[in-house]
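Visitor: Hello! I am new to reading structures, and I would love a close look at a single part of this one. Could you pick a small spot and then lead me outward from there?

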Amino acid sequence: MIRGLYHRDTVGWLIAAAVLPVLAATVVEQGVPALERMGLTLVVVLVWQAVFLWVRAQPASATALVTAIAVGVLAPGDFAVWQIVLAVSFGTVIGEQIFGGWGRNIINVGVATLAFLYFAFPETLHEGAGPLVAAACIPGALLLLATGILAPAVLLASAVGAGVVTLGLDQNPVELVVNGSLVFGLVFLVCDPVASAATRGGRWVFGLLAGGLIALFAFADAGSDVPHAVVFAALLASLFAPLIDAAVIALSSSLRRRRHG
Amino acid sequence: MRQALRHLYGPIIDNNPVTLQILGICSALAVTTSLSTALVMCAALTAVLVSGNIMISAIRAHIPTTIRLIVQITIIASLVIVTDQIIQAFAFEMSERLSIFVGLIVTNCLVLGRAEAFAMHNPVVPSALDGLGNGLGYSLILVIVGSIRELFGAGTLLGFTILPTIYGGGWFVPLNLMMLAPSAFFILGLLIWTIRSIRPVQVEPADFEISIQPDRRAP
């Protein structure tokens, strides 16, 4: 990822490009309010990126667009301007900028922002996005898979994890596939190349954990709906990603040592 | 005189027990959902700290080194029990709201830390001032965190309405997050960040250095 063309900015712009169809689908599905919300989020993230660029010389990142669209898709409630500004400032500063900018963060900015919105303003109700958004995620996912940014193992493992837990809870998995919030969250939040696990075995464990948690939160807890489920699953799973990676590395190095003496 | 007063005002910002030494965090998180509980907790801790420091300092020459921790804990625990009983006797509702956290002053690293680090080696008056200074430093942080959490979490301060909430017909949407423990971590973290930006001498050396490869584009 650091040689030749594939440096940090290329990856950032590719992810931003992959998310564009979702932007169009969300505007078609939810209308102008979604566009306002996304525009406001984008402005706030860019302002904070500029502040940290100025003060700490941390390079800005095109993934601001992913955060903006995540707020558009997964927080379709009726928020006041100051609520969005507060939540996005929290998400981008605490979730990313204090760690050194995009690429060094532990959790995705969109996830941090949305978790703040859900916890701080529980009165606001959210409805999941529909099948149009789900379909709009597919070209982006294919682009990211083709360029090697999205790890197929994470995507596959989280689909398997979600499917197994859904069947275990005696629910219909088709409900998840046509749900735009879930597909968007899976492709752009759970499979975020920065916040997900990066080792070969770790990706499977991470994906199974994230997918299982999504289905568990979506079905087992009646009070929780799909936007909440996918955001909290991504939050919890990405907190475990460094531990999973460390465990995989420790395991493989001990196996190597045993094999080679 | 000036040297003695340094023990009093030193721990308030320059050597604050919560923001510099990161001591007493558990209680700082637990009791700061409202300002009134934070204030009672501060008073209780400061009382225990000052009286504990005075007692330990007074008998410091007679405490055998091998059992000093046991003696210190015994004195502190007795003082905590007395404080707890006083709060229960005169402010029962408050003691219900504080639940076990007054009792847990015994395990507060701050109290034992000051007894072991300062009162064991210094005369009574500087020890009392050190206890008071550390108590006030702890109180300052608790009052700041408690005010922010109560104001933005419930729209009140000490029970008086400052920002009328939507539940009472006002305009303010309370931040539910402020009533949850993570918010205290965030406020404390931002506070430490602010203090260390103003006073960079408090910044700790980095655990790891990030190496920059010169031939690599875009960091």
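Guide: Let's begin with B:L158, which sits in the loop between β1 (156-157) and β2 (160-161) of chain B. Keep in mind that this is a predicted model. Is B:L158 buried or exposed? B:L158 counts as exposed because it has 12 C-beta neighbours inside 10 Å, and a residue with 12 or fewer is put in that class. Its backbone deserves a second look: phi of B:L158 is near 55°, a positive value in a residue other than glycine. Most residues other than glycine have a negative phi.

Chain A offers a companion case. A:A57 is not a glycine, yet it has a positive phi of about 55°. A:A57 also lies in a loop, the one between α2 (32-56) and α3 of chain A. With 9 C-beta neighbours inside 10 Å, A:A57 counts as exposed.

Now step back to the chain that holds our starting loop. Chain B has 8 helices and 2 strands. Read from the N terminus, its elements run α-α-α-α-α-α-α-β-β-α. The C-alpha trace of chain B spans about 60 × 60 × 30 Å along its principal axes. Of the 219 residues in chain B, 35% are buried. Among the contacts in chain B with a separation of 6 or more, 73% are between residues 24 or more positions apart.

For a look at burial, turn to helix α6 (residues 109-119) of chain B. Which of its residues are buried? They are B:L110, B:V111, B:R114, B:A115, B:F118 and B:A119. These residues lie on the same side of α6(B), because they cover an arc of only 130° around the axis. The cover over them includes α3 (35-58), α4 (68-90) and α7 (124-154) of chain B.

From there we can move to B:Q72, a residue in helix α4 of chain B. B:Q72 is buried, since 21 other C-beta atoms lie within 10 Å, and the class asks for 20 or more. Leaving aside neighbours within four places in sequence, which residues is B:Q72 in contact with? They are B:I56, B:L112, B:A115 and B:E116. One of these, B:A115, is also among the buried residues of α6(B). As for distance, B:Q72 and B:M55 are 17 residues apart in sequence and 9.3 Å apart in space, C-alpha to C-alpha.

Chain A lets us look at how pairs of helices pack. Take helix α1 (residues 8-30) and helix α3 (residues 64-74) of chain A: their axes are 9 Å apart and they pack at an angle of about 25°. That angle makes α1(A) roughly parallel to α3(A), because angles under 35 degrees fall in that class. The crossing of α1(A) past α3(A) is left-handed. On the α1(A) side, A:I15, A:A16, A:V19, A:V22, A:L23 and A:T26 take part, and they meet A:L65, A:V66, A:I69, A:G72 and A:V73 in α3(A). Sorted by class, this contact has 9 nonpolar, 2 polar and no charged residues.

Helix α1 of chain A also holds A:A24. A:A24 is exposed, with 12 other C-beta atoms within 10 Å. The C-alpha atoms of A:A24 and A:A136 are separated by 8.3 Å, with their positions 112 residues apart along the chain.

A second pair in chain A is helix α4 (residues 81-95) and helix α5 (residues 109-120), which pack at an angle of about 135° with their axes 8 Å apart. That makes α4(A) oblique to α5(A). α4(A) passes α5(A) in a right-handed crossing. Residues including A:F90 and A:I94 of α4(A), along with A:F116 and A:L117 of α5(A), make the contact. By class, the contact of α4(A) with α5(A) has 9 nonpolar, 4 polar and no charged residues.

One last pair completes our walk. The axes of helix α7 (residues 152-168) and helix α10 (residues 200-220) of chain A come within 6 Å and cross at roughly 35°. α7(A) passes α10(A) in a right-handed crossing. The contact of α7(A) with α10(A) has 17 nonpolar, 6 polar and 1 charged residues.

Note on methods: Residues are numbered from 1 along each chain as its sequence is written. Chains are lettered from A and ligands numbered from 1 in the order in which they are written. This is a predicted model: local features need pLDDT of at least 70, side-chain atom pairs count only at pLDDT 80 or more; totals for chains, interfaces and linings use all residues. Helices (H or I, at least four residues) and strands (E, at least two) are DSSP runs, numbered from the N terminus. The arc is that of the directions from the helix axis to the C-beta atoms. Two residues are in contact if their C-beta atoms, placed from the backbone, lie within 7 Å. Axes are lines fitted to C-alpha atoms, for helices over the stretch in contact, and angles run from 0 to 180 degrees between N-to-C directions. Angles under 35 degrees count as roughly parallel, over 145 as roughly antiparallel, 65 to 115 as roughly perpendicular and the rest as oblique. A crossing is left-handed if the near helix is turned anticlockwise from the far one by less than a right angle, and right-handed if clockwise. Ala, Val, Leu, Ile, Met, Phe, Trp, Tyr, Cys and Pro count as nonpolar, Asp, Glu, Lys and Arg as charged, and the others, Gly among them, as polar.
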